[in-house]
Amino acid sequence: MRGWLIGLAVGVACVVLCWGVLVVLARRLPPGTARDLAAFVPDCLTTVRRLRRHPQVPRRARVAIVFAGVWVASPIDLIPEFLPVIGPLDDIVVVALALRYAARQVPHEVLLEAWPGEPRLLLKLIGRR
């Protein structure tokens, strides 16, 4: 039992460390594609948190958004987080699909208000120009 708990603690520490690296990179990299990619997951989590309680978000969209947030926070992934570059790929796909779904039901202004990053990234993600 002790070995299992140690393994779980190491796994959680690795995920938290990866997220920490993304946050630091998102704040310290110069503006450009690398910074946008590093900031994507933290921006998505912030958007999920903000939309979760917004009164103009319908129930179905809220369920999709909360599911995406739980998926990202969950230590169980289709692609393990410790794999460089492709680790967060499944999280990005799930959040992108949830935000695209919500974007069809949530007013455009509410989405832009909830998104902390560059608006052009959100517009590209949800398929609007």
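These legends go with a set of close-up views of a predicted model.

**View 1. The whole chain, an all-in-a-row run of helices.** Read from start to end, the pattern is α-α-α-α-α-α. That comes to 6 helices and 0 strands. The protein has 129 residues, and buried ones make up 35% of them. If you take the contacts between residues at least 6 apart in sequence, 54% of them join residues at least 24 apart.

**View 2. H3 against H4.** Here we look at helix H3, residues 59–73, packed on helix H4, residues 89–103. Their axes are 9 Å apart and the packing angle is about 170°. Since angles over 145 degrees count as roughly antiparallel, that is the label for H3 and H4. On the H3 side, the residues in the contact are Arg60, Ala61, Ala64, Ile65, Phe67, Ala68, Trp71 and Val72. Facing them from H4 are Asp90, Asp91, Val94, Val95, Ala98, Tyr101 and Ala102. Sorted by type, the H3–H4 contact has 12 nonpolar residues, 3 charged ones and no polar ones.

**View 3. Trp71, a closer look at the H3–H4 contact.** Trp71 belongs to helix H3. Is Trp71 buried or partly exposed? Its relative accessibility is 21%, and buried means under 20%, so Trp71 counts as partly exposed. Leaving out residues up to four places away in sequence, Trp71 touches Asp77, Leu78, Asp90, Asp91 and Val94. Asp90, Asp91 and Val94 are also among the H4 residues listed for the helix pair. For a backbone distance to check, try Trp71 to Val95: their C-alpha atoms are 8.3 Å apart, with the two positions 24 residues apart in sequence numbering.

**View 4. H4 against H6.** The partner of H4 in this view is helix H6, residues 119–126. The axes of H4 and H6 are 9 Å apart, and the angle is about 85°. That value falls in the 65 to 115 range, so H4 and H6 are roughly perpendicular to each other. From H4 come Ala96, Leu99, Arg100 and Ala103, and these meet Lys124, Leu125 and Ile126 of H6. The tally for the H4–H6 contact is 5 nonpolar residues, 2 charged and no polar.

**View 5. The largest nonpolar core.** How many residues does the largest nonpolar core have? The count is 27. Within this core, the residues with the most contacts are Leu51, Val57, Leu99, Val106 and Leu111. The elements giving two or more residues to the core are H2, H3, H4, H6 and helix H5, which spans 108–114. H4 gives the most, with 7 residues. Val57 is a handy place to zoom in: setting aside residues up to four places away in sequence, Val57 touches Leu51, Arg62, Ile65, Val106 and Val110. Leu51 and Val106 appear on the list of core residues with the most contacts too.

**View 6. Thr47 and its surroundings.** Thr47 sits in helix H2, residues 33–52. With a relative accessibility of 0%, Thr47 counts as buried. Its side chain reaches the backbone oxygen of Asp43 at 2.8 Å. Not counting neighbours within four places in sequence, Thr47 is in contact with Leu99, Ala114, Trp115 and Pro116. Leu99 is one of the H4 residues that meet H6.

**View 7. His54 in the loop after H2.** The loop between H2 and H3 holds His54. At 18% relative accessibility, under the 20% cut-off, His54 counts as buried. What does His54 contact once its neighbours within four places in sequence are left aside? Arg62, Val110 and Glu113. Arg62 and Val110 are also touched by Val57.

**View 8. Two spots on H1.** Helix H1 covers residues 2–28 and includes Gly20. Val12 is in H1 as well. Val12 has a relative accessibility of 40% and counts as partly exposed. From Val12 to Pro75 the C-alpha distance is 7.0 Å, though the pair is 63 residues apart in sequence. Gly20 has a relative accessible area of 30%, so Gly20 is partly exposed. The C-alpha atoms of Gly20 and Pro42 are separated by 9.6 Å, and the two residues are 22 apart along the chain.

Terms used. Residues are numbered from 1 along each chain as its sequence is written. This is a predicted model: local features need pLDDT of at least 70, side-chain atom pairs count only at pLDDT 80 or more; totals for chains, interfaces and linings use all residues. Side-chain values use heavy atoms; hydrogens and water are left out. Axes are lines fitted to C-alpha atoms, for helices over the stretch in contact, and angles run from 0 to 180 degrees between N-to-C directions. Helices (H or I, at least four residues) and strands (E, at least two) are DSSP runs, numbered from the N terminus. Angles under 35 degrees count as roughly parallel, over 145 as roughly antiparallel, 65 to 115 as roughly perpendicular and the rest as oblique. Contact means heavy atoms within 4.5 Å. Ala, Val, Leu, Ile, Met, Phe, Trp, Tyr, Cys and Pro count as nonpolar, Asp, Glu, Lys and Arg as charged, and the others, Gly among them, as polar. Buried means under 20% relative accessible area, exposed over 50%, partly exposed in between (1.4 Å probe, protein chains only). A polar contact is a pair of N or O atoms within 3.5 Å; within protein, one must be able to donate a hydrogen and the other to accept it, and residues adjacent in sequence count only if both atoms are side-chain atoms. A nonpolar core is a set of buried Ala, Val, Leu, Ile, Met, Phe, Trp, Tyr and Cys residues joined through side-chain atoms within 4.5 Å.
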